[in-house]
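Colleague: I would love a close look at one part of this model, and then a walk outwards from there. Could you take me through it step by step?

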Amino acid sequence: MTRIIVVTSGKGGVGKTTTSAAIAMGFAQKGHKTAVIDFDVGLRNLDLIMGCERRVVYDIVNVIFGEATLNQALIRDKHCEQLYILPASQTRDKDALSQEGVGQILEELAAKDFEYVVCDSPAGIEKGAHLAMYFADDAFVVTNPEVASVRDSDRMLGILSSKSRRAEQGLEPIKEYLLLTRYSPERVRIGEMLSVADVQDILSLHLLGVIPESKSVLTASNSGMPVILDEKSDAGQAYADIVARYLGEDIPHRFIEEKKGIFGKFFGSK
Amino acid sequence: MPNNSPILEFKSDSFSVPVLLLFTNDLQIIEQQLKEKVDAAPEFFKNSPLIFDVQELNKLDRPIDIAALVDIIRQSNLLPVGMRGGNVKQNKEAVKLLIPVYSAHSSNAPSDTPKQKDITPETIESISTTILITRPVRSGQRLYSSGDLVVLAPVSAGAEIMAEGNIHVYGKLRGRALAGVQGNTEARIFCSDLQAELISIAGNYKISDDMRDVVSKKPVQVYLQDHTLIIKDIV
């Protein structure tokens with residue numbers, strides 16, 4: 001059984017692609033055959049984060065138009081052989097995608113025994129975002145702890161529950177999970193950021209994990225390594241926790257409280 | 001063609017459109033009642049699409065002049081977009097007036113209501129259904145109930161819930177809630193935590209700025225008294 005996961009948010013720049021790359025790598029590392037699809041046609045980024053931009057020959061639009069087979073377009077990850085990337089086209093726009101074409105690709109992936117398909121949604125609520133979420137079984141809603149991001153996530157949740165395939169066919173609704181990214185307990189304490197409780201109060205959603213604001217995310221992106229591979233970093237560990245939690249392990253939440261180091265105490269008293 | 005961008009696309013979509021049920025063929029009374037209803041919430045009705053339903057009339061064998069009825073509806077600033085439950089002759093008339101014809105099947109109007117000899121227009125109020133919502137109402141979503149609306153989950157900021165009857169929200173109410181949208185001044189809003197952007201009963205509204213002094217986190221009810229919205233604790 002293939003499980004289709006959409007990573008979505010409504011708002012841009014909150015960490016959808018970072019999250020898609022990290023969790024796809026996380027599933028693959030645990031031995032699950034996984035594909036990650038970039039739906040951001042025209043603003044292709046996932047290949048950079050995954051470090052495979054030099055190996056892109058064909059993309060999702062070529063497959064939809066029948067100019068290449070899915071096998072030709074899928075790029076096998078260099079770190080993990082269970083992971084495949086289907087890049088977006090940089091030269092087209094989102095209108096090149098069609099519901100039928102996306103449906104066919106997902107069916108073909110299911111026939112190839114992929115266990116997880118991660119759909120990296122573009123920002124916004126237009127065609128690209130709509131197609132990324134339409135076939136989903138699960139939704140990872142990536143949210144930053146600030147009001148605009150929270151409201152956009154709320155809007156996206158409304159669309160998930162009314163315009164997806166599952167909603168249209170009256171099936172069991174998409175399972176929705178909250179991923180709170182760029183979280184900084186220090187800034188929550190001084191009132192610059194919404195807390196986990198604030199966000200959950202507004203979205204009333206199951207919290208899958210909190211990813212702390214971390215330099216390692218930028219470093220990882222720039223070097224084309226999904227941050228989950230940086231096992232020493234807090235963000236990498238947070239994503240590993242999220243993958244494990246999603247797969248059914250019972251792991252307590254981390255990175256919600258401030259670190260109580262000697263410096264923390266010193267600065268905390270200010 | 002090398003360019004594959006689509007020019008147009010046919011899609012099936014569903015809309016919620018108010019239905020006008022008619023119980024009398026007296027055009028004068030219809031005109032008067034319609035005017036009263038529309039005047040109660042003119043902004044809500046302005047240019048609103050409308051389907052009129054003549055099936056009760058046909059059950060009672062009361063013929064009605066479709067062309068005159070359409071005129072009355074148009075004069076009330078409503079846009080008739082369909083007729084339901086017409087007989088063969090009425091259907092022909094409607095199509096001639098470019099009004100689409102829908103079959104009599106209806107999901108919420110009970111079809112086997114006992115025939116009454118003297119149906120007064122007041123019966124319009126009694127044909128209503130309560131809608132129950134158990135999942136959060138998200139930003140950007142709109143809900144409409146022709147009767148009461150009961151929400152057992154939060155209503156987010158940017159969501160809009162409307163009912164011709166009462167509204168109950170057993171979660172935080174952060175969006176907009178409009179009760180009695182067809183002019184029922186007796187409608188009330190009940191909620192366990194009032195943080196709404198806007199509340200309205202029969203067109204009388206308050207925005208969140210006017211509700212600053214309202215203490216949230218406790219159950220309140222909202223009702224209309226002398227055209228003023230009163231917010232009061234329950235208990």
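Which residue in E6(A) does A:Ile5 stand opposite?

Modeller: Happy to! Please keep in mind that this is a predicted model. The residue opposite A:Ile5 is A:Asp138 in E6(A). That pair belongs to the contact between strand E1 (residues 3-8) of chain A and strand E6 (residues 138-143) of chain A, which run parallel and share 4 bridges. In general, strands of a sheet pair through backbone hydrogen bonds, in either a parallel or an antiparallel sense.

Let us stay with E6(A) for a moment. On its other side, E6(A) is joined to E7(A), again in parallel, by 6 bridges. One example of a partnership there is A:Val142 with A:Leu179 in E7(A). As for burial, 6 of the 6 residues of E6(A) are buried. A:Asp138, A:Phe140 and A:Val142 are on one side of the strand, while A:Ala139, A:Val141 and A:Thr143 are on the other, and both of these faces are covered.

Now step back to the sheet that holds this strand. The sheet is open and has 8 strands in chain A, ordered E3-E4-E2-E5-E1-E6-E7-E8, and its pairing is mixed. At the edges are strand E3 (75-76) and strand E8 (206-212) of chain A; each has a single partner strand, so one side of each lacks a neighbour in the sheet. Helix H1 (residues 16-29) of chain A packs on this sheet, where it touches E1, strand E2 (34-38), strand E4 (83-86), strand E5 (116-120), E6 and strand E7 (175-183) of chain A. The direction of H1 makes about 170° with that of E5(A). Helix H5 (residues 99-111) of chain A lies across E1, E2, E4 and E5 of chain A, and runs at about 165° to E2(A).

A further helix is worth a look here. In helix H6 (residues 127-134) of chain A, 7 of the 8 residues are buried, so the helix is largely enclosed by the rest of the structure. The buried residues are A:Gly128, A:Ala129, A:His130, A:Leu131, A:Ala132, A:Met133 and A:Tyr134. Their cover includes E1, H5, E5, helix H7 (147-163) and helix H8 (165-168) of chain A. E1 and H5 have thus come up before: E1 pairs with E6(A), and H5 lies across E1.

From here we can move to the neighbouring chain. Contacts link 15 residues of chain A with 13 residues of chain B. About 1200 Å² is buried between the two chains, and carbon and sulfur atoms give 40% of that area. On the chain A side, A:Arg151, A:Asp154 and A:Asp201 lose the most area to chain B, together 34% of what that side buries. There are 5 salt bridges between chain A and chain B. A:Asp154 takes part in a salt bridge with B:Arg138, whose closest N and O atoms are 3.0 Å apart.

A:Asp154 also leads us to B:Ser156, a residue in the loop between strand E7 (149-151) and strand E8 (160-163) of chain B. B:Ser156 has a relative accessible area of 4%, which means that it is buried. Leaving aside residues up to four places away in sequence, B:Ser156 touches A:Asp154 and A:Ile202 from chain A, along with B:Val137, B:Arg138, B:Ser139, B:Arg174 and B:Gly175 from chain B.

Finally, here is chain B as a whole. Chain B has 6 helices and 15 strands, and 39% of its 235 residues are buried. Its exposed area is about 13700 Å², with carbon and sulfur atoms supplying 53%. One of its sheets is open, with 4 strands in the order E1-E2-E3-E4 and parallel pairing. Strand E1 (19-21) and strand E4 (101-102) of chain B are the edge strands, and each pairs on one side only. E4(B) is joined by 2 bridges to strand E3 (residues 78-84) of chain B, and B:Met83 has B:Val101 in E4(B) as its bridge partner. Helix H4 (residues 66-75) of chain B packs on this sheet and touches E1, strand E2 (48-53) and E3 of chain B, its direction making about 145° with that of E3(B).

Note on methods. Residues are numbered from 1 along each chain as its sequence is written. Chains are lettered from A and ligands numbered from 1 in the order in which they are written. This is a predicted model: local features need pLDDT of at least 70, side-chain atom pairs count only at pLDDT 80 or more; totals for chains, interfaces and linings use all residues. Side-chain values use heavy atoms; hydrogens and water are left out. Buried means under 20% relative accessible area, exposed over 50%, partly exposed in between (1.4 Å probe, protein chains only). Accessible areas come from the Shrake-Rupley method with a 1.4 Å probe; for residues, only the protein chains shown count as cover. Two strands pair if DSSP finds at least two bridges between them. Contact means heavy atoms within 4.5 Å. Axes are lines fitted to C-alpha atoms, for helices over the stretch in contact, and angles run from 0 to 180 degrees between N-to-C directions. Buried area is the accessible area (1.4 Å probe) that two parts lose on being put together, summed over both. A salt bridge is a side-chain nitrogen of Lys or Arg within 4 Å of a carboxyl oxygen of Asp or Glu.
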